[in-house]
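Visitor: Walk me through this one, please. I'd like to start from a single residue and work outwards.

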Amino acid sequence: MTDHVPPVSTGRRRVLTYLLVALLAAAVLAAVVRSGRGGSGEGADDPAPTMSLPEADTVGDQLTDKPGLRPLVRVCPLPRFGLRAAAQERFVTAALDCLDKMWRPVLEDALFDDEPAHLKIVTRDTDVPCSEKTVTATDAVQYCGYDRTVYWPVSTPDFEGLGPGDWRWVLFVVMHEYGHHVQELTAVFVESHDERLLAADEDAENLVGRREELQAQCLAGASLRAAQGAGVLSRSQARAVLDGQDTGEGTVTHGSGPAYRRWATEGWRAGGTTVCDTWSVPADEVS
Ligand SMILES: [Zn+2]
């Protein structure tokens with residue numbers, strides 16, 4: 001399982017604060033109007049104030065409406081994976097470097113930001129700008145958009161018992177985190193953060209989170225296809241990685257096992273971002 005915290009810049013936060021204040025003011029106004037109706041009978045025919053909230057289905061259109069946004073096939077050797085911290089660092093560094101080579105040129109061509117993804121290997125409690133809590137060596141892997149960094153705890157239970165032969169599964173975890181990096185560079189994160197803030201309740205907030213996570217899965221699928229094209233792994237090995245994404249029930253914040261596999265497979269089949277519009281599909285497709 002992977003995790004991350006969506007970023008929001010200070011300036012953006014200020015705007016969001018104003019927006020929330022505006023929403024609150026509108027809610028108070030609506031309450032005043034309602035109580036006025038009940039109390040005096042005046043204004044009973046007045047229309048209630050309405051708010052138009054941003055539509056979730058437009059989130060990330062800048063990423064999914066561009067047919068040319070496909071990671072490039074780039075041959076890049078990966079070192080042997082192992083659970084020792086140094087081995088993990090070597091492997092993840094090489095994998096991120098490879099993903100930078102796949103994605104940054106196409107992002108640049110599409111006029112998006114193309115900063116490389118950074119890596120922080122977590123061996124002891126580490127501050128992360130996306131959270132007030134520190135990241136510990138046994139936490140899940142996570143991506144922080146503030147500093148565009150993958151935080152990689154070396155003792156995460158998710159990797160317990162993995163051996164060198166499991167490197168393809170670990171590679172896909174890196175690809176998922178890089179999917180979040182693509183979301184960050186294309187401003188999907190900022191938009192999804194807005195959606196989260198405006199969510200009416202926890203269920204709505206979780207739905208936003210799943211749309212975001214499953215899009216990262218889809219983008220990881222596109223990366224997997226490019227890696228297959230480069231001969232990093234065979235078609236049947238790629239299929240095994242995709243099938244392995246369904247680990248059962250999943251979580252309400254990241255998505256069910258079948259949805260995790262389905263969106264990764266969509267991205268892999270297409271090899272690009274156009275099929276990764278998890279924001280405009282019905283809620284039951286991002287369960
Ligand atoms: Zn994630």
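Visitor: Which residues does V232 touch, not counting those up to four places away in sequence?
Guide: A caveat up front: this is a predicted model, so local features need pLDDT of at least 70 and side-chain atom pairs count only at 80 or more, while totals for chains, interfaces and linings use all residues. Residues are numbered from 1 along each chain as its sequence is written. Touching, or contact, means C-beta atoms, placed from the backbone, within 7 Å. By that test, and skipping residues up to four places away, the partners of V232 are L78 and A227.

Visitor: Is V232 buried or exposed?
Guide: V232 sits in the loop between α6 and α7. The cut-offs count other C-beta atoms within 10 Å, again placed from the backbone: 20 or more is buried, 12 or fewer exposed, and in between partly exposed. With 22 such neighbours, V232 counts as buried.

Visitor: How far apart are the C-alpha atoms of V232 and C76?
Guide: Along the chain, V232 and C76 are 156 residues apart. In space, their C-alpha atoms are separated by 7.9 Å.

Visitor: In what order do the elements run from the N terminus?
Guide: Helices (H or I, at least four residues) and strands (E, at least two) are DSSP runs, numbered from the N terminus. The protein has eight helices and four strands. Their order is β-α-α-α-β-β-β-α-α-α-α-α.

Visitor: Which helices are among those covering the buried residues of α7?
Guide: In α7, residues 235–243, the buried ones are A238, V241 and L242. Seen down the axis, they fall within an arc of 100° (taken from the directions from helix axis to C-beta atoms), so they line one face. S236 and D243 are exposed on the other side. The cover over the buried residues includes α4, α6 and α8.

Visitor: At what angle do α6 and α8 pack?
Guide: Axes here are lines fitted to C-alpha atoms, for helices over the stretch in contact, and angles run from 0 to 180 degrees between N-to-C directions. The axes of α6 (202–229) and α8 (257–270) lie 6 Å apart, and their angle is about 40°.

Visitor: What does that make α6 relative to α8?
Guide: The bins are under 35 degrees for roughly parallel, over 145 for roughly antiparallel, 65 to 115 for roughly perpendicular, and oblique for the rest. The angle of about 40° therefore makes α6, relative to α8, oblique.

Visitor: How do the residues of the contact of α6 with α8 divide?
Guide: L214, L224 and R225 are among the α6 residues that meet α8, whose side includes Y260, W263 and E266. Ala, Val, Leu, Ile, Met, Phe, Trp, Tyr, Cys and Pro count as nonpolar, Asp, Glu, Lys and Arg as charged, and the others, Gly among them, as polar. The split is 12 nonpolar, four polar and two charged.

Visitor: At what angle do the axes of α4 and α6 cross?
Guide: On the α4 side the contact includes F172 and M175, and on the α6 side A216 and L219. The axes come within 7 Å, and they cross at roughly 115°.

Visitor: What is the phi of R148?
Guide: R148 lies in the loop between β3 (141–144) and β4 (149–153). With 17 C-beta neighbours inside 10 Å, R148 is partly exposed. Its phi is a positive value in a residue other than glycine, near 50°.

Key. Contact = placed C-beta atoms within 7 Å.
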